[in-house]
Amino acid sequence: MARHGTRAWQRMLSGRRLDILDPSPLDVELSDIAHGLARVARWNGQTRGDYPFSVAQHSVLVLELFRAMNPGCSPVWQLQALLHDAPEYVMGDIISPFKAAMGGNYKDVENRLLSAIFLRFSLPASMPAALAKLVKKADREAAFFEATHLAGFADAEARKFFGAPGQPAFDVEAFDKLIRPWPTREAHDRFVAAFEAIGS
């Protein structure tokens, strides 16, 4: 990342230069998001398996949980659910307690970046409150399943931090494949495929 005055530029593999502090939708590319998220590890990499459990894979899992809980939801809502953690393609996955300790500036930067991402794909700049609540529920359920299947949490411990899941894992189509960590290329490709399937 390069700094020029008050700008903080990140050069992307697509050739775009994204100002992280003042992002433009014109500098956001799906290929960069998928590339970055497929290489960012959830749980600071402290998970079982031959590969890290990436944010790209987490995003697909959240989408599938969101769909299971909200059948018939609109493509717009599905895309916003899939992209809920998209800012992490440049900001990384910082655990929630650390985000809280960092204070408001971090959240402001994250929200500006998420708005730019949404606008790039012709979505509303922010989620309506009702949608944000539903996505947060799917996100917490994903965290519960990741914690218990991958991160060494006992069931009771995970329930304390994330709440009890509203649906059993066997109600989620292909859950076993969704929770098994994917290689980087597969995580990239399945994130892109999920995005394109919604938009088609």
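## Exercises: charges and rings

Arg185 is exposed, with a relative accessible area of 52% (buried is under 20%, exposed over 50%, partly exposed in between; 1.4 Å probe, protein chains only). The model is predicted, so to speak on paper: local features need pLDDT of at least 70 and side-chain atom pairs pLDDT 80 or more, while totals for chains, interfaces and linings use all residues. Residues count from 1 along each chain as its sequence is written, and side-chain values use heavy atoms, with hydrogens and water left out.**Exercise 1.** Work out which residue Arg185 forms a salt bridge with, and where both partners lie.

*Solution.*
- Step 1: look for a side-chain nitrogen of Lys or Arg within 4 Å of a carboxyl oxygen of Asp or Glu, which is the salt-bridge criterion. For Arg185 the partner is Asp189, with the closest N and O atoms 3.1 Å apart.
- Step 2: place the two residues. Both are in helix H10 (residues 184–199), four residues apart, about one turn of the helix. Helices here are DSSP runs (H or I, at least four residues; strands are E, at least two), numbered from the N terminus.
- Step 3: check the partner's accessibility. Asp189 is partly exposed at 37%.

**Exercise 2.** Find which residue Glu186 meets in a salt bridge, then do the job again for Asp155.

*Solution.*
- Step 1: Glu186 pairs with Arg190 at 3.1 Å, N to O. These two also sit in helix H10, four residues apart.
- Step 2: Glu186 is partly exposed at 25%, and Arg190 is partly exposed at 29%.
- Step 3: Asp155 meets Arg159, with an N to O distance of 2.5 Å. Their home is helix H8 (residues 155–162), where they are four residues apart, about one turn.
- Step 4: both are partly exposed, Asp155 with 39% and Arg159 with 40%.
- Step 5: put the pairs in context. The whole structure has nine salt bridges, and Arg16, Glu29 and Arg120 are linked in a network of them.

**Exercise 3.** Asp32 has no salt bridge; identify the nearest side chain of opposite charge and the side chain that Asp32 makes a polar contact with.

*Solution.*
- Step 1: locate Asp32, which is in helix H1 (residues 30–37).
- Step 2: scan for opposite charge, taking Lys and Arg as positive and Asp and Glu as negative, with His and the chain ends not counted. The nearest hit is Arg16, 6.3 Å away from the buried Asp32.
- Step 3: try polar contacts (N or O atoms within 3.5 Å; within protein, one able to donate a hydrogen and the other to accept it, and sequence-adjacent residues counting only if both atoms are side-chain atoms). The side chain of Ser14 turns up at 2.5 Å.
- Step 4: list the contacts (heavy atoms within 4.5 Å). Leaving out residues up to four places away in sequence, Asp32 touches Met12, Leu13, Ser14, Arg16 and Tyr89.

**Exercise 4.** Classify the aromatic pair of Phe145 and Phe175: stacked, tilted or edge-to-face?

*Solution.*
- Step 1: Phe, Tyr and Trp rings (the six-membered one for Trp) pair if their centres lie within 6.5 Å; planes under 30 degrees apart are stacked, over 60 edge-to-face, the rest tilted. The structure holds eight such pairs.
- Step 2: Phe145 and Phe175 are 5.1 Å apart centre to centre with 65° between the planes, giving edge-to-face.
- Step 3: Phe145 belongs to helix H7 (residues 129–149) and Phe175 to helix H9 (residues 175–179), so the pair ties together parts that are 30 residues apart in sequence.
- Step 4: both rings belong to buried residues, Phe145 at 4% and Phe175 at 5%.

**Exercise 5.** Determine which ring the charged end of Arg17 sits over.

*Solution.*
- Step 1: test for NZ of Lys or CZ of Arg within 6 Å of a ring centre and within 35 degrees of the ring normal. The ring is that of Trp9, with the charged end of Arg17 4.7 Å from its centre.
- Step 2: Lys160 does likewise over Phe161, at 5.9 Å. Phe161 also forms one aromatic cluster with Trp43, Phe153 and Phe162.
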